[in-house]
Structure formats: C-alpha cells, structure tokens
2 protein chains.
Amino acid sequence: MRRRRALQIIPIDGLPEVGPGDVLAELLAACVRPEPDLLAGDVVVVTSKVVSKAEHRLVDLAAGGLSPADVVEAESVRVLRRRGDLVISETTHGFVCANAGVDLSNVADGWAAMLPHDPDRSARRIRDGLRARLGVEVAVIVSDTFGRPWRRGVTDVALGVAGIAPIVDLRGCTDSFGRPLVATEVAVADELAAAAELVMGKATGVAASVVRGVEPAWLREGSVRDEVVRSPTEDLFR
Amino acid sequence: MRRRRALQIIPIDGLPEVGPGDVLAELLAACVRPEPDLLAGDVVVVTSKVVSKAEHRLVDLAAGGLSPADVVEAESVRVLRRRGDLVISETTHGFVCANAGVDLSNVADGWAAMLPHDPDRSARRIRDGLRARLGVEVAVIVSDTFGRPWRRGVTDVALGVAGIAPIVDLRGCTDSFGRPLVATEVAVADELAAAAELVMGKATGVAASVVRGVEPAWLREGSVRDEVVRSPTEDLFR
C-alpha cells in the first residue's frame, strides 16, 4: 500500500466567532502557520455560514418585521416543492435546496443567515487574502450542507471555488480495459466539501479545514455557478 | 492547528482484476498488512464494480440476446425520467440512478455489470472476511458513482455498509450558540464514499481505499437500505 497519493483532511481550530465585516482570510491566517499547517496546493474548505456572517448576509427578523418564510421567499426564484414548513426552492444562484439556504442555526437568536451573494467570488477573496498574508497559493472551497432527493440525510457540497476544478472531466481517459470512458464528469469540489464535513460537523464549531494531497491537475480556475449549476432546461427534475 | 482529528484517505494498490467467484476479502487481505496498512476502526471503501464481478452480477449481452436497455429494464422497478438513451429509474434496492446502475465500463466487451443484489450484505461479508483473515475489526462501505439532479457531475455514494453508521443524527446536539439543532442527519457513509473516490477515480484502476481517523462513535451496525433509501411516499421528487 502506497501512502504517496493519500489525502489528509485536517480541521482548522481556533477560528473565533465571525461577525459582519470581518476579513475571513485574516481570521484564518491567524489560525495557521504557512508551514506546516498550510502548503501550496492545499485546499481550504470554509463553511458558507461564516462567509455569510462576514459578508453581512444576516437579517434581523424582528427588526425587519419578517418571518423566516419571508426571507426564504425573497431568496427564491422558483419553488419546486412544499411540504409543511419545508420549501425546496431554487435560489438566485441556481442552487436547489431546502429553504433557499436560509438558516437559523449557528446565528444569534432572532436572526437568519442567507447564502453568500456570489460564493465563487467569496472563495477567490479568501484565496487571495491567504496568498497576500501567508505567501501560500492554496485553493478555496466555500461549502454548505444540502439535502437531496431519494436519499435521507444531508451532505456538504461546494457553493463556490477558487483555484480548484469543480468538475474533472474523465471523458478523455480510458477504463482499465483501455476503452474510452464516456461522460464521466466527477464533481470533485463537491466530494472535497463532503470529505471536509467529516472533520467539521455541525455541532463542533469547526468552520474550516484543509485537504492536503489533492491531484495537482485539478488545481485550476473554475466556477461552481458556471460549471456545476445545471440549467433548468437541461434538468430532468425541475 | 491540531492533527489529532485529521482523516487520512489511502488508496489500496495491487488489487488484481476481479472475476466471478473471487473472494474479495481474500484479494484485499493480500494487498494490506494488518499494521500499518489496516488498523481497527479504519473504514475500507470498495467500489461496487468489483463486488458485482465477484458476485456474478455480470451479464453476457450477446449470449443472452440482450441489449443494455433490456438489462436496465430488468433491474428497474420504476422509471422516473427518460431522455434519449438515458433512463433515470428506481432499482430493486430503492436507489434512484441512471440506467439502474447497469454499467458497461470496466467490464469485458459485450458484458454489462449490474449492482450487487444486497450491498449491505456484501459489505458485511467483506468486513467479516477481513476480520477472519487479518484479525482487524474494520468497517466497510460498498460505493458507487451516481449523478444527481440540479448539479452537474457525479459523486460517489454508499450502496451498502458494515460496521459504520450510514447516517449520524446530530439532532440531540446543540449549535455553537447552545440551541438544539433540528433535523441534522448527516449522511456520513455517503461523505466517506465521496472522500474515497478522490483517491480512486474511475480511470486509475484503484478499486478500494482506506479512510483512517473516523469518529469512533460512528462505528456501529447499520444499513443503507434501511436508513438511507427514502421511501417513495416520503419523497418529494418521485
């Protein structure tokens, strides 16, 4: 068994409570040393909740005379399904998720967090900020926890990326019998977000982690919005 | 940054081409040494393709006078969508996926592979076989690559498990503001399958890997069929 191609997933501890206007790259840079904590080619996964807080994507429900449902409605461009309090809707980004990503957990009482406006841009800002502060070229994924149809339970997915391919196209490759593979586009950023969730978890208060050992060929510019979000016309379930 | 809670994902190299009747635990045991390659509490992720081969879940299309579409039909209990050659259907297991999981890649020309009959049982058999041969108590996940609606690209999910919780219920826990979390059931087996895919990949010929450092509380008996598969009546997208 070779360790050469092993991946490591390491939680980043010590991130303080994040508030509006905080610079996430600065807070993260204070938690890690350029080496050995952060190496060139590492992928830093940051949960969207702290990005939303830093980017003022919080709403004071009472002050605005709003219910959570009002915020969900404002964040949705299309409702796909409703059952009781649960709304499955398409967000302004094109994501399809529960309650348009509006979340009351891990925010102050009476407040709601909305998804970042442009998670790809958020990821680039964190990546650029870490480069400026630590001199290390990393990739960044902004992640969130989504449900899915047909299978119970939630998994983390990538909302935005910087410096990492959201999708890796294996169509040019061959299977182990030498035949060309057809239509194997692997959503590696989503798999990295899912992997990172395993060391973070909703309850532990760890909002960022590092994935080390990612295939160097995957480290390119990319966009979740452009490459992962499926257009309604292409989608069989909308 | 603490390394204590880090995860490692390590590919298992050297698995030979698997054929009908092969005992996977025996083939895997020949690739790893009990220590340091395999430790108690490790999660061994095995792709369903090699499980299908070992379990005679292959069909000779020409000999049976069958087209791939015939096999897809036979493996489906319900078709959800069709577009061109693509069928999204529900399998006998309750999985919803493309072409009922029937796959022509990484099998001999003219043959098709079907999903294992009972992937939870397949996982238990591999787990029991590794325990018998190596004296190490590991968990096992049988994984496969599924697409999903709304997002492009495929990710690996768990079809069967042994010794690991498919879903971890955080509903008893509190967020970092001390409030009870509602309805946060994390599909950790799917996240582990996704993480493992990152070191395996469709094209590299690596069909198994080890995830080390998994939270010990997740190591319990479980079943993907009982805990992950959502019943049609509970599902909003069927």
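**Figure 1. A sheet of 10 strands in the predicted model draws on chains A and B.** The strands form an open sheet in the order β9(A)-β8(A)-β2(A)-β12(A)-β1(A)-β1(B)-β12(B)-β2(B)-β8(B)-β9(B). Pairing within this sheet is mixed. Its edges are formed by β9 (155-162) of chain A and β9 (155-162) of chain B, each of which pairs on one side only. From one strand to the next, the twist averages 25°.

**Figure 2. Strand β1 of chain A joins strand β1 of chain B.** The two strands, β1(A) and β1 (residues 7-11) of chain B, run antiparallel and are joined by 3 bridges. Q8(A) has Q8(B) as its bridge partner in β1(B). L7(A) stands opposite I9(B), also a residue of β1(B).

**Figure 3. Helices α6(A) and α7(B) pack on the sheet of 10 strands.** Helix α6 (residues 119-134) of chain A touches three strands of chain A, namely β2 (43-47), β8 (139-146) and β9. The direction of α6(A) makes about 65° with that of β9(A). Helix α7(B) touches strands of both chains. In chain A these strands are β1 and β9, and in chain B they are β1, β2 (43-47), β8 (139-146), β9 and β12 (208-212). The direction of α7(B) makes about 120° with that of β9(B).

**Figure 4. Helix α7 of chain A packs against helix α7 of chain B.** The axes of α7(A) and α7(B) (residues 188-200) lie 8 Å apart, and the packing angle is about 125°. This angle makes α7(A) oblique to α7(B). The crossing of the two helices is left-handed. From α7(A), the residues that take part are V188(A), E191(A), L192(A), A194(A), A195(A), E197(A) and L198(A). They meet V188(B), E191(B), L192(B), A194(B), A195(B), E197(B) and L198(B) of α7(B). By class, the contact of α7(A) with α7(B) comprises 10 nonpolar and 4 charged residues, with no polar residues.

**Figure 5. The side of chain A that touches chain B includes strands and a helix.** In total, 61 residues of chain A are in contact with 61 residues of chain B. Elements of chain A that give two or more residues to this side are β1 (7-11), β4, β11 (185-186) and α7 (188-200). The largest share, 9 residues, comes from α7(A). Sorted by class, the side of chain A that touches chain B has 33 nonpolar, 9 polar and 19 charged residues. The copies meet through the same surface, because 100% of the interface residues of chain A are also interface residues in chain B.

**Figure 6. Chains A and B superpose by a rotation.** A turn of 180°, with a shift of 0.0 Å along the axis, lays chain A on chain B with an RMSD of 0.0 Å. The two copies are therefore related as by a two-fold rotation axis.

**Figure 7. A sheet of 3 strands lies within chain A.** This open sheet has the order β4-β5-β6 (chain A), with antiparallel pairing. Strands β4 (76-83) and β6 (96-98) of chain A are the edge strands, and each pairs on one side only. The twist averages 25° from one strand to the next. Strand β4(A) is joined by 6 bridges to the antiparallel strand β5 (residues 86-91) of chain A. V79(A) has S89(A) as its bridge partner in β5(A). Strand β4 of chain A also gives two or more residues to the side of the chain that touches chain B.

Definitions and conventions: Residues are numbered from 1 along each chain as its sequence is written. Chains are lettered from A and ligands numbered from 1 in the order in which they are written. This is a predicted model: local features need pLDDT of at least 70, side-chain atom pairs count only at pLDDT 80 or more; totals for chains, interfaces and linings use all residues. Copies are superposed by least squares on the C-alpha atoms of residues with pLDDT of at least 70 in both. Two residues are in contact if their C-beta atoms, placed from the backbone, lie within 7 Å. Two strands pair if DSSP finds at least two bridges between them. Helices (H or I, at least four residues) and strands (E, at least two) are DSSP runs, numbered from the N terminus. Axes are lines fitted to C-alpha atoms, for helices over the stretch in contact, and angles run from 0 to 180 degrees between N-to-C directions. Ala, Val, Leu, Ile, Met, Phe, Trp, Tyr, Cys and Pro count as nonpolar, Asp, Glu, Lys and Arg as charged, and the others, Gly among them, as polar. Angles under 35 degrees count as roughly parallel, over 145 as roughly antiparallel, 65 to 115 as roughly perpendicular and the rest as oblique. A crossing is left-handed if the near helix is turned anticlockwise from the far one by less than a right angle, and right-handed if clockwise.
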